Amino acid sequence: MKVALLGATGFVGSALLKEALDRGRVVTAIVPDPEKLEEREGLTAKAGDVYDTASLATLIRGNEAIISAFNPGWKNPNLYDDQVRGTASIIAAIKKAGIKRVFWVGGAGGLEVTPGVRFVDSPDMPLWVKPGALATINALDQLRKEPELEWSYLSPSAELTPEQRTGKFRLGNDQLLVDAAGQSKISVQDYAVAMIGELERPTHVRQRFTAGY
């Protein structure tokens, strides 16, 4: 399977890239600086700008699926606006390129901690995270308005950590997953396992789902 990946040099994107390549996928990584990626079998790195819709469509055309791990940077003072604008451009490019299967790196902010109460609205959500959380919620809203796209939106647990790949986790839907100790956590490596697993065996088409321990 040929898949395009946006944000392949980021925290989540790099884990997704490794998992996809380890499973034998053919990946075209669209990144600002291709030289930051080490050469690997099955990997083609291309320089691209997510805000240039027409150019992005050309770069991703011919792939069977696309994964977006796009994030304009947590220290970006215009994070919310830039992420919303980037999301709109990416979706437009996907449609222009004729790709149907779309996999989106979401956030935990839109998940419910209690019925009707989202994590982003709870006191446990750090203030500095809110702009990015709201932007990823907006991405889900944008995807839901695209009936021709077969999208899957994967939210991590509240804590996404650089630990180890276990391949053992739970999947859920709209509620934040919490373990017996009251923690909501998953490693970025196991998040990647869940995402690439969905790529290979689709079970959450046009749905948000979540992964956690």
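In which helix is Leu79 found? In this predicted model, Leu79 belongs to helix 3, and that helix offers a convenient route into the rest of the structure.

Helix 3 covers residues 79–97, which amount to 19 residues. From its first C-alpha to its last it reaches 26 Å, close to the 27 Å expected at 1.5 Å a residue. Just after the helix, Gly98 adopts a positive phi of about 75°.

Leu79 has a relative accessibility of 3% and therefore counts as buried, the limit being under 20%. Beyond its neighbours within four places in sequence, Leu79 is in contact with Asn71, Pro72, Gly73 and Trp74, and also with Pro131 and Gly132. By contrast, 28 Å separates the C-alpha atoms of Leu79 and Val205, two residues that lie 126 residues apart along the chain.

Leu79 shares its burial with other positions of helix 3, including Val84, Gly86, Ile90, Ile91, Ala93, Ile94 and Ala97. Polar residues also appear among the buried positions of this helix, including Asp82, Gln83, Thr87 and Ser89. What do the buried residues of helix 3 pack against? Their partners are strand 1, strand 4 and strand 5, together with helix 2 and helix 4 (130–144).

The pairing of helix 2 with helix 3 can be described in detail. Their axes come within 8 Å and cross at roughly 50°. An angle of this size is neither under 35 degrees nor in the range 65 to 115, so the two helices are oblique to each other. The crossing of helix 2 past helix 3 is right-handed. On the helix 2 side, the residues involved are Thr53, Ala54, Leu56, Ala57 and Ile60; these meet Ser89, Ile90, Ala92, Ala93, Ile94, Lys96 and Ala97 of helix 3.

Helix 2 (residues 53–60) also leads to the sheet, since this helix lies across strand 1 (2–6), strand 2 (26–31), strand 3 and strand 4 (65–68). Relative to strand 2, helix 2 runs at about 160°. The sheet itself is open and consists of eight strands in the order 3-2-1-4-5-8-12-10, with mixed pairing. Its edges are strand 3 (43–47) and strand 10 (170–172), each of which pairs on one side only. On average, neighbouring strands of the sheet are turned by 20° against each other, direction ignored. Within this order, strand 5 (residues 101–105) and strand 8 (residues 150–155) pair in the parallel sense over five bridges. In strand 8, Leu154 is the bridge partner of Val105.

A further helix pair involves helix 1 (residues 11–22) and helix 5 (residues 188–200), which pack at an angle of about 55° with their axes 8 Å apart. That angle makes helix 1 oblique to helix 5. Helix 1 contributes Phe11, Val12, Ala15, Leu16, Glu19 and Ala20 to the contact, and helix 5 contributes Val188, Tyr191, Ala192, Val193, Met195 and Ile196. Here too the crossing is right-handed.

Val193 of helix 5 is also one of the contacts of Phe169. Phe169 is situated in the loop between strand 9 (159–161) and strand 10. Is Phe169 buried or partly exposed? Its relative accessibility is 25%, so Phe169 counts as partly exposed. Leaving aside neighbours within four places in sequence, Phe169 touches Ile186, Asp190, Val193, Ala194, Ala211, Gly212 and Tyr213. Gly107, 62 residues from Phe169 in sequence, lies 17 Å from Phe169 in space, C-alpha to C-alpha.

Note on methods:
Residues are numbered from 1 along each chain as its sequence is written. This is a predicted model: local features need pLDDT of at least 70, side-chain atom pairs count only at pLDDT 80 or more; totals for chains, interfaces and linings use all residues. Side-chain values use heavy atoms; hydrogens and water are left out. Two strands pair if DSSP finds at least two bridges between them. Helices (H or I, at least four residues) and strands (E, at least two) are DSSP runs, numbered from the N terminus. Axes are lines fitted to C-alpha atoms, for helices over the stretch in contact, and angles run from 0 to 180 degrees between N-to-C directions. Contact means heavy atoms within 4.5 Å. Buried means under 20% relative accessible area, exposed over 50%, partly exposed in between (1.4 Å probe, protein chains only). The expected span of a helix is 1.5 Å times one less than its number of residues. Angles under 35 degrees count as roughly parallel, over 145 as roughly antiparallel, 65 to 115 as roughly perpendicular and the rest as oblique. A crossing is left-handed if the near helix is turned anticlockwise from the far one by less than a right angle, and right-handed if clockwise.
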